[in-house]
Structures are given as C-alpha cells and as structure tokens.
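Welcome! Take a moment to look over the protein shown here, and then read on for a short guided tour.

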Amino acid sequence: MFIARQTMAKFVHFPNCILVFLVMFCESHLAFQTTMELSLQRVEQTIGPELIDASHLRVMKFNRTVAVLNGTLFISKDMDDQFEFRISVAYSRIGNNQFVEYPMKTAQEKVCNVLNGSYRDYQHLWADTTNFPQLTDEERYCPLPRGEYWIKNYAPVASWVPPMVPEGLWRMTLDILSADGEIMAQLRSYTWLRK
C-alpha cells in the first residue's frame, strides 16, 4: 500500500508536467507561425501604358532566397485629384493562378487623399529603394509629378501583413481610375506569402 501511494504521488505531478509542456509547445508554435516571408514573383501591367509605363519593371533574384523589384516606372501625366486609386487583393491557396477575391481592399480614393493618407503611413516600407517622394507629416503633397521613377532592389517585408492572412500566392491589383470611374491603368504584382 505504501508503494502504491508513492507511485500515485509521482503521477499527480505528471499532468502538471504535461500542461507545462503543452503551454511551452503552443507558445513556440504560435511564435513560429507569426514569422512570415514575402517573395515577389512578377509585376505586370494590363491596362494603360499611355498613362503609366511599367514595362521596364523586373523581378529578379537578389540572392538564393530573395527576389527584388528593379526598373523604371514612367508616369506621363501629373497624378492629381482627376485620378483615383483603388487596390484589390486576390488569393490562390496552392498557387495555381485560380484566384479568389479577398475581402481585404482599399476604398476608391482620390490621389491626393492617398498621397497624404495611406501612402504617408506606409512609405517606410520602400524608403531608400526608390525616388518616389518621402513625405513629412507637416506638408500636404499633391500632385504626384509626372516623370521617371526608379526602383532598385526593393524586397517586400511582411511586417505590415496581419497574422491571420493565410499563406499562398497573392495578387495585388492597383487600378488608376479617371474621375468618371473608367480604369485608365492597371498594375498587378504577384507575391508568395509563406509562414
């Protein structure tokens, strides 16, 4: 009987050890799951080379693991409030180009509002890799002047991606619309999200 009680006393602590192990495993597993990696696949223009010419943008390997965007973007007109931007996102779970529109998108908004709003909030993501304007908090910036904009060794970072976004091939579409809603130019980027 004495031996049985000692054995039972040892097993009383056994579930606590399992609980501690499960908590440690789950925490490390969740921490592992939140590390994400974005890998550019390609950039294409489907509409509007007379307004924006993106034919000189290329995705190339920087090293064995990182793909970067390089090239030049030509904007032929000043982008002011006569144009509007809209971004939509589509998702292909296994990367077979069967895309499903995802509910994550931006509202259609005038260019000056975008420049002084969300562009300003996210410009740190491409700082030092392009000659697109870097805006301060004090100044109101409009229009985006026509001209030649270069992009050099831009590798996207996943720090801005919400953790609940599933991994797979993502297509991000930028539509540039006229004031009456006609799509004047459309750029698409394809990026793998891996966790």
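In this predicted model, Gln-82 counts as partly exposed because its relative accessibility is 45%, a value that lies between the 20% limit for buried and the 50% limit for exposed. To find Gln-82, look in the loop between strand 4 (67-75) and strand 5.

**Around Gln-82**

- Leaving aside residues up to four places away in sequence, Gln-82 touches Leu-177, Ser-178 and Ala-179.
- Val-111 is 29 residues from Gln-82 in sequence, yet their C-alpha atoms are 7.9 Å apart in space.

**Strands 5 and 6**

- Just follow the chain to strand 5, which covers residues 83-92.
- Strand 5 runs antiparallel to strand 6, and three bridges join the two.
- One residue pair to look for is Ser-88 with its bridge partner in strand 6, Lys-105.
- How many buried residues does strand 6 have among its six residues? The count is zero, so strand 6 (residues 100-105) is hardly covered.

**The whole protein**

- The protein has three helices and ten strands.
- Reading from the N terminus, you meet the elements in the order α-β-β-β-β-β-β-β-α-α-β-β-β.
- Of the 195 residues in the protein, 34% are buried.
- Among contacts with a separation of 6 or more, 63% link residues 24 or more positions apart.
- About 12,600 Å² of the protein is exposed, and 60% of that area comes from carbon and sulfur atoms.

Terms used. Residues numbered from 1 in each chain as written. Predicted model: local features only at pLDDT ≥ 70, side-chain atom pairs only at ≥ 80, totals over all residues. Heavy atoms only, no water. Buried < 20%, exposed > 50% of the residue type's maximum accessible area, 1.4 Å probe, protein only. Helix = DSSP H or I, 4+ residues; strand = E, 2+ residues; numbered from the N terminus. Pairing = 2+ DSSP bridges. Contact = heavy atoms within 4.5 Å. Areas by Shrake-Rupley, 256 points an atom, 1.4 Å probe, with all protein chains shown as cover.
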